[in-house]
Each structure stands twice: as structure tokens, then as C-alpha cells.
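Hi,

Here is the structure I promised to pass on. Have a look at it first, and my notes follow underneath.

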Amino acid sequence: MPVHNADIADIFNRVAEMLEMEDANPFRVRAYRNAARTVGGLSKSMADMLDADEALTDLPGIGKDLAGKIQEIVETGTLSQLEELEQETPTELHDVLKLPGLGPKKVKTLYNELKIDSLDALEKAAKEKKIRDLDGFGKKTEENILKALKRESSGTQRLRLAVAEQVSKPLVDYLKRSKGVKDIAIAGSFRRRKETVGDLDILATCKKGSTIMDRFVRYEDVDTVVSRGKTRSSVILDSGLQVDLRVVPQVSYGAALHYFTGSKAHNIAIRKIVQKKNLKLNEYGVYRGKKRIAGKTEAGVFKQADLAYIEPELREDRGEIKAAREDTLPELITRGDIRGDLHAHTKATDGKSTLKEMAESAQALGYEYLAVSDHSRSLTVAKGLDVKRLEEQMTEIDRLNEKMTDFRILKSIEVDILEDGSLDLPDGVLRRLDIVTGSVHGKFDLSRKRQTERVLRAMENPHLHILGHATGRLINERASYDIDMERVLEGAKERGCFLELNAHPQRLDLNDIHCKTAREAGVKIAISTDAHSVHELENMRFGIGQARRGWLEPADVLNTRSWNDLKKLIEK
DNA sequence: GCCGTTTTCGGCCCGACTGTTTTCAGTCG
């Protein structure tokens with residue numbers, strides 16, 4: 001069983017947690033967290049790097065010690081250091097530590113004084129009013145613990161970006177109507193277009209005497225006010241989503257926007273650079289001594305760090321700072337670059353809209369083409385098309401195309417990739433289509449080896465152009481199937497195939513790191529909505545966000561091209 | 001534990017808010 005980067009990152013994060021409770025040097029703890037982030041965010045697998053004898057110490061934040069530990073994990077699947085730490089401290093403390101308001105210090109006290117090593121034990125002690133007497137604790141802390149436990153049990157997880165959009169829009173509109181508000185923006189992972197968001201960070205500037213903070217905590221969907229201050233307040237909405245509002249002076253808007261957009265790792269890296277120039281950066285601006293020399297705009301902040309402007313989606317400390325310094329940042333793709341959608345369904349299978357409606361909506365979005373790629377026959381739950389029904393659809397497409405001007409419906413299919421890697425429809429009909437996407441819709445539980453070989457074999461079919469939603473995950477609902485994405489990308493490159501970035505907000509499959517790896521490997525990506533109704537065609541924005549997080553430029557993406565250019569590109 | 005043309009030792013990002021405290025530790029972002 002090969003060790004994945006995510007496993008290594010997980011182990012390092014656990015070590016960091018354990019060390020934190022042991023009161024270890026906080027910078028040592030941070031070193032493990034940094035390493036976890038570096039490894040987890042890397043497209044290349046540690047196992048492969050070791051195989052190729054590449055020096056792990058070249059990676060940022062990985063020194064001799066951690067390189068050795070990575071090697072140990074890759075070779076044995078575990079880390080002896082973590083096992084020893086877990087001998088001393090129960091692993092269940094992890095759950096307690098995750099509770100908002102409880103950090104390593106408090107968790108350690110709870111464990112040492114009251115032997116609290118689980119959420120159940122914590123709840124029992126809190127209900128028996130034993131916690132309030134501990135040093136550094138009190139009545140209020142005990143109540144807050146019970147509240148946090150209650151929220152925890154009601155199950156809060158990171159919200160998908162699309163859901164966060166729905167929740168935030170009415171709230172932001174409401175805040176905009178507050179007296180004296182000037183600027184208002186959502187920062188945080190929402191602005192970085194991360195696929196899920198843990199909380200919403202709203203930033204505002206206002207005139208003196210604004211009532212925005214009062215209005216904020218009085219918003220009708222507020223369940224709990226976590227904190228309430230002059231410049232910062234936090235609430236939890238009925239939906240379980242935490243929302244933070246920060247108010248800063250207008251001269252600080254850019255610095256604050258940068259600060260609250262994050263990511264944390266990016267901010268730390270930028271601060272270090274600024275610090276080296278004997279300047280100080282905080283959410284109010286860039287300072288030389290007490291004098292503010294920048295902060296009104298984000299661009300001004302970057303300028304003080306001698307960096308080109310870095311788009312929010314890139315701010316993950318995954319190489320964007322080096323690229324900004326060297327002026328080699330990608331010219332990220334925008335929604336306006338997209339000239340068509342290469343994956344959509346109709347009523348013929350499991351879609352909700354007709355062929356004509358889909359085509360007209362796509363044209364209304366400014367597209368030049370839409371590939372209608374319904375399901376194939378083996379996907380019976382979706383009324384998948386057999387040869388005869390597909391041929392009927394092709395005839396209908398010809399008829400509609402004759403009537404449409406400056407727009408073309410492409411004949412297509414989302415053909416099932418069967419268990420043995422063969423395609424669900426014969427070559428004879430696939431050959432007559434404009435473009436073919438192939439997807440896995442069943443047998444998710446094959447071994448990594450067999451799943452990978454299945455997909456590689458499918459890509460060998462000369463009629464398959466695009467591999468659809470390559471990992472099969474559904475965000476917050478279903479994990480990816482086990483597949484070796486590096487081999488898939490190599491295979492795609494060798495076979496002249498392309499990969500889909502499925503823009504459905506529940507899929508966003510490929511993820512950001514896969515997109516970046518694909519770009520580096522020279523495999524082009526189709527950003528497709530997989531729309532099952534006319535409305536879902538608008539999900540393109542989520543795909544664009546993910547693509548930007550994956551450093552994609554217009555040239556890396558298939559559907560930034562006219563159909564004529566695209567046709568030439570996909571010919572094998 | 002990492003890192004370095006100011007350093008191989010001594011640094012390591014910075015501020016708001018809460019709750020428990022009599023001046024600040026802990027937590028969070």
C-alpha cells in the first residue's frame with residue numbers, strides 16, 4: 001500500500017498536536033505544521049521523489065530531520081515518534097482539541113486534573129460543574145464548553161463554496177444597508193475560491209458612528225454571538241456557519257483585505273519579506289516605524305514587498321511568492337476566456353432541460369458551442385443512451401444546428417468506462433461524434449492499481465478525448481476512488497488525452513493541486529459544467545475558480561479555443 | 001525543527017477579543 005502525501009501530512013499534523021499539548025517549543029510545532037502543509041500541497045508524491053533519489057531537503061520547511069521522518073513514513077507507513085507520543089497521550093484528545101475555545105493548554109489541564117480524554121468525559125465533567133474550579137477556567141468557560149459541545153453534535157462541517165455563496169449574499173446585502181458603510185467585501189477562503197469554506201470573513205470600512213456592528217449581531221439568522229468588539233465580531237448563524245465581521249479605517253482597506261484573505265501561510269511568508277526590509281505589516285498597513293507607508297490597496301502592500309500583485313486564488317504559499325518576485329506569475333484564466341462548454345446533459349437522460357433549451361442558454365451565456373454529452377447505455381438509472389437513441393439525438397442536433405447562427409451544438413457523449421477499461425459504446429458510433437468524454441460511474445472500490453489501469457486502458461481508445469471527473473469524489477459526501485493521478489496524467493500525456501475539470505460545485509474534480517500538476521505535465525484541461533439543467537450552465541464560475549487555484553492560463557484550457565482550433569487540437 | 005551575503009546560533013507574524021485575572025494567558029484567525 002503506497003503512502004500518499006496526504007498520509008504524511010496527517011501524521012505531521014498529529015505530531016504537532018501532540019507536541020503542542022506537551023508544551024513543546026511552539027516553533028518546533030510550527031515546523032511540523034509547515035511540513036504537513038508543504039507535503040500535502042505538493043503535486044509530486046514523496047514516495048516517487050525518494051524513488052528518484054531527489055533531495056527532500058530542497059523542499060521549503062523540510063530539513064534533515066523531517067526528510068528522514070518522511071522516509072520512515074514512506075518505508076514503514078508509520079512514524080515511531082508519533083507512536084511514542086501516543087503512548088503518553090491518548091489519541092482521543094484530538095477530538096477535544098478540535099472544539100472551538102479549547103486549545104492545547106486548556107486540553108492539557110483538563111486531562112491532567114480531571115482525566116478528561118474524550119468529548120463524553122468533557123460533557124460529563126461540565127454538566128457536573130467540575131470544570132469551573134480549575135485554574136484558568138471559570139463558570140463562563142464551562143458554559144461555553146457545553147455550548148460548543150452542543151454545536152459539535154449538531155454536526156458542522158465546511159460548507160461547499162456554492163452553499164456559502166447562497167448564505168452570504170443576503171447577509172452582505174443586509175450589511176450594505178447599514179448606516180455609513182463604504183466598502184464591503186468577503187475575504188478569507190471564500191475570496192480565494194476554495195472549494196469549501198469553514199467560515200465567512202467579511203471586511204468593511206465605514207464612516208464614524210456607523211451602526212454596522214450592531215446590525216451584524218442583530219441579523220435575523222444569527223444563532224449565537226461568539227464575540228462582539230469595536231472592530232471585530234463573530235457570530236454563528238442558524239446554519240452553523242461562523243461569520244466574522246472586521247471593520248477597519250478606509251486607509252487600511254487594502255492591507256486588511258490582504259490580511260483577511262489569507263491564506264495564513266501566505267500572510268506569514270509576506271510578513272517575513274516585509275520584515276526583512278525593516279518594515280512591519282499588519283492588517284492596518286505597512287509601517288516604517290510608526291509611519292504608514294502603504295495599506296489603502298492590496299497592490300500597495302505587494303509593492304512594498306517588491307512583489308507583483310498576486311491573485312487571491314494563488315495565495316496558498318505554493319510558489320506564488322517566488323513567482324511574483326521573479327515576475328513569472330501565470331496570467332490566470334477568467335470566465336471571459338471561456339468560449340464553450342464541453343459537458344452537458346439533456347432530458348434524453350437525467351437532465352432537466354431539452355436539447356434546444358440547453359443550446360439557447362449556452363448561446364445566451366456568450367458561448368460559441370455546447371457539447372451535449374448525455375450518459376451511455378450502461379448507466380440505466382440515468383436512462384443512458386444506446387446507439388439508436390444517440391443516433392436520434394445526433395439527427396436532432398443536425399436539425400437544430402441548421403437553424404442556429406454563430407453557434408454549434410457538438411455531438412458528444414459521456415461514455416461509461418466499464419470495469420475492464422473498455423467503453424460502453426462501440427467505436428463505430430463514437431467515431432461519428434465531435435468530442436467524447438469518458439467517465440467512471442461504478443465499481444468505485446477497485447484497488448488503486450486496477451482503477452488506474454482501467455482508466456489508462458480507456459484512454460487508449462483513440463475515440464476518447466477527455467477523461468471526465470477523474471477521481472469521482474463528491475465534496476463532503478464521497479471520497480475519491482483510489483487512483484494514481486500521476487500515472488493518469490502521464491498516461492493522458494502519452495495518449496494525447498485531456499482531463500476534465502468538472503465545475504459542478506459538489507465535484508470540482510480535478511482539485512486545485514491536480515490542475516497544477518496537469519499544467520506542469522503539459523496536459524490540457526477542459527473546464528466543463530456537467531450541467532443537468534440550463535441553470536447549471538452557470539456553474540462555470542466554480543470551475544474557473546478552481547482552475548485559477550491550479551494556476552491555469554487560457555492556453556492550458558481546451559474550451560478557451562474556437563471550435564475550429566479545438567477540433568485540430570483533439571485530432572489524434 | 002528550520003533557516004541564513006548582516007547570522008551555523010538565535011531568531012522564528014501580528015493583533016483582537018474573552019475570561020479570568022489584577023496585568024495577562026489562551027485562543028483564534
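By class, the surface near DNA strand B has 17 charged, 16 polar and ten nonpolar residues. Near here means that a residue's C-beta atom, placed from the backbone, lies within 6 Å of the strand. Asp, Glu, Lys and Arg count as charged, Ala, Val, Leu, Ile, Met, Phe, Trp, Tyr, Cys and Pro as nonpolar, and the others, Gly among them, as polar. In total, 43 residues surround the strand, the closest being Gly63, Gly103, Lys106, Gly138 and Gly229. Helix 14 (residues 264–276) gives the largest share of that surface, five residues.

Keep in mind that this is a predicted model: local features need pLDDT of at least 70, side-chain atom pairs count only at pLDDT 80 or more, and totals for chains, interfaces and linings use all residues. Residues are numbered from 1 along each chain as its sequence is written, while chains are lettered from A and ligands numbered from 1 in the order in which they are written.

As for the fold, chain A has 24 helices and 17 strands (DSSP runs, H or I of at least four residues and E of at least two, numbered from the N terminus). Five of the strands make an open, mixed sheet in the order 2-4-7-6-5; two strands pair if DSSP finds at least two bridges between them. Strand 2 (181–186) and strand 5 (222–228) are at the edges with a single partner strand each, so one side of each has no neighbour in the sheet. Strand 6 (residues 232–237) and strand 7 (residues 242–247) pair in the antiparallel sense over five bridges, and Ile236 has Gln242 in strand 7 as its bridge partner.

Cheers
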